[in-house]
Amino acid sequence: MAGASVVASCSLVIMAFMAVATAASVPAVYVFGDSLADVGNNNHLLTVLKADFSHNGMDYPGGVATGRFSNGKNSADFLADKLGLATSPPYLALSSSSNANYVNGVSFASGGAGVSNGTNTELCITFDKQIEYYSGVYASLARSLGQTQATTHLAKSIFAITIGSNDIIHYARANAAATPSQQQQYVDTLIQSLSGQLQSLYNLGARKVLFLGTGPVGCTPSLREMSSAKVCSAVANAMAVQYNKAAEGVLSGMATQHPDLHYALFDSSAALLRYINQPAEYGFVEAKAACCGLGDMNAKIACTPLSSYCANRFDHVFWDFYHPTEATARMLTATAFDGSAPFIFPINVKQLSAI
């Protein structure tokens with residue numbers, strides 16, 4: 001028994017050491033994207049795209065609505081947890097301070113954002129604007145740390161990006177009869193913009209990129225509810241697959257051009273479809289309807305204080321008409337962190353963090 005205790009103690013020490021080593025190799029996370037990663041930026045905007053009210057946050061520590069489009073934590077929180085870091089705070093909360101500290105990471109993610117500047121332009125911080133804000137953070141870090149130390153700090157940090165869902169949702173809702181060639185044409189337009197945006201981040205110090213691809217947005221309760229048979233939108237799901245494949249091509253090409261760039265791409269579409277198509281196998285009971293909302297499938301109106309909500313948030317794949325529950329986000333992030341192809345490739349987040 002004593003020997004077993006020693007072995008157990010040694011195992012705990014090794015696990016603790018590995019956690020510290022991982023955190024040490026990644027000093028910060030800089031987050032870009034949409035509502036899947038927004039931790040409160042939209043709280044500071046005059047926009048209808050907010051989540052700083054109940055029933056959002058009902059399972060977050062303290063039961064408070066923080067601006068996360070979730071019943072609890074989201075992917076940005078779980079990524080930070082896995083890396084042994086605190087969640088990167090929202091940029092708009094930090095930027096109002098005269099002595100803002102950006103060295104521990106910043107989140108620029110904003111609910112409603114898309115690759116295209118034409119997606120929810122007046123309602124969110126667009127991806128281009130997020131990069132513009134980050135350029136200011138880059139300059140601030142260079143001043144406070146010195147250029148050499150700032151460059152080293154950013155090269156060790158992870159740049160987490162989740163963008164593209166809103167563009168595809170908007171297109172699919174307006175073009176339900178789009179042909180495959182028309183879908184591809186729109187995706188190509190998005191990828192052209194994305195390529196320039198990723199290059200801008202590289203030029204501003206990003207060397208470890210985690211790209212969280214678009215999920216099967218055609219299966220969100222909102223798009224599913226549009227179908228008389230309540231089935232997923234084939235147009236939206238096909239475009240998500242096209243987009244993720246093209247994004248991987250951009251990152252692969254950049255890595256070839258810039259040998260110091262490393263990336264992990266998470267195929268959210270393939271990963272999430274497992275829960276939707278085989279919910280019981282992954283511990284879910286409901287994979288079609290939203291937990292919180294109003295109307296058919298709780299998908300007609302967003303989650304508000306007047307909405308009804310499910311008793312068990314942990315057996316639902318979707319929290320509201322677009323967003324996953326905390327349980328779903330936790331499982332997806334775990335797969336991205338130490339999973340393998342075809343869901344996360346060419347390396348996983350744990351391997352990316354160790355570089």
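Which residues line the largest cavity? In this predicted model, the lining consists of I161, L198, L201, Y202, A206, V209, M254 and L261. The structure holds 1 cavity of 30 Å³ or more. About 30 Å³ of space lies inside the largest cavity. Its lining is made up of 8 nonpolar residues, with no polar and no charged ones. Helix 7, spanning residues 180–203, contributes the most to this lining, with 3 residues.

One lining residue, I161, leads to strand 3, which covers residues 158–162. Of the 5 residues in strand 3, 5 are buried, so the strand is largely enclosed by the rest of the structure. I158, A160 and T162 point one way from the strand. F159 and I161 point the other way. In a regular strand the side chains alternate between the two faces of the sheet.

Strand 3 has pairing partners. Strand 1, residues 29–33, runs parallel to strand 3 and is joined to it by 5 bridges. Within this pairing, G33 stands opposite T162. Strand 4, residues 208–212, is also parallel to strand 3, and 3 bridges join the two. Here A160 of strand 3 is placed opposite L210 of strand 4.

Buried nonpolar residues were examined next. The largest nonpolar core has 53 residues. Y30, Y134, L194 and Y243 have the most contacts inside this core. Helix 9, residues 234–257, gives the most to the core, with 8 residues. A second, separate core has 32 residues, among them V26, Y275, F337 and V349. In soluble globular proteins, nonpolar side chains tend to be buried together.

L194 shows how distant parts of the chain meet. With neighbours within four places in sequence left aside, L194 is in contact with V115, F127, I163, F211, Y243 and A247. Y243, like L194, is among the residues with the most contacts inside the largest core.

Attention then turned to L273, in helix 10, residues 268–277. L273 has a relative accessibility of 25% and therefore counts as partly exposed, since the buried class ends under 20% and the exposed class begins over 50%. L273 and G215 are 58 residues apart in sequence. In space, their C-alpha atoms are 8.1 Å apart. Neighbours within four places in sequence aside, L273 is in contact with P216, C219 and Q278.

Definitions and conventions. Residues are numbered from 1 along each chain as its sequence is written. This is a predicted model: local features need pLDDT of at least 70, side-chain atom pairs count only at pLDDT 80 or more; totals for chains, interfaces and linings use all residues. Side-chain values use heavy atoms; hydrogens and water are left out. Buried means under 20% relative accessible area, exposed over 50%, partly exposed in between (1.4 Å probe, protein chains only). Helices (H or I, at least four residues) and strands (E, at least two) are DSSP runs, numbered from the N terminus. Two strands pair if DSSP finds at least two bridges between them. A nonpolar core is a set of buried Ala, Val, Leu, Ile, Met, Phe, Trp, Tyr and Cys residues joined through side-chain atoms within 4.5 Å. Contact means heavy atoms within 4.5 Å. On a 1 Å grid over the protein atoms alone, a cavity is a set of points where a 1.4 Å probe fits but cannot get out, and a pocket is an open set with protein on both sides within 12 Å along at least five of seven lines; lining residues have an atom within 4 Å of a point. Grid points are joined across faces, edges and corners, and a volume is the space filled by probe spheres set on the points. Ala, Val, Leu, Ile, Met, Phe, Trp, Tyr, Cys and Pro count as nonpolar, Asp, Glu, Lys and Arg as charged, and the others, Gly among them, as polar.
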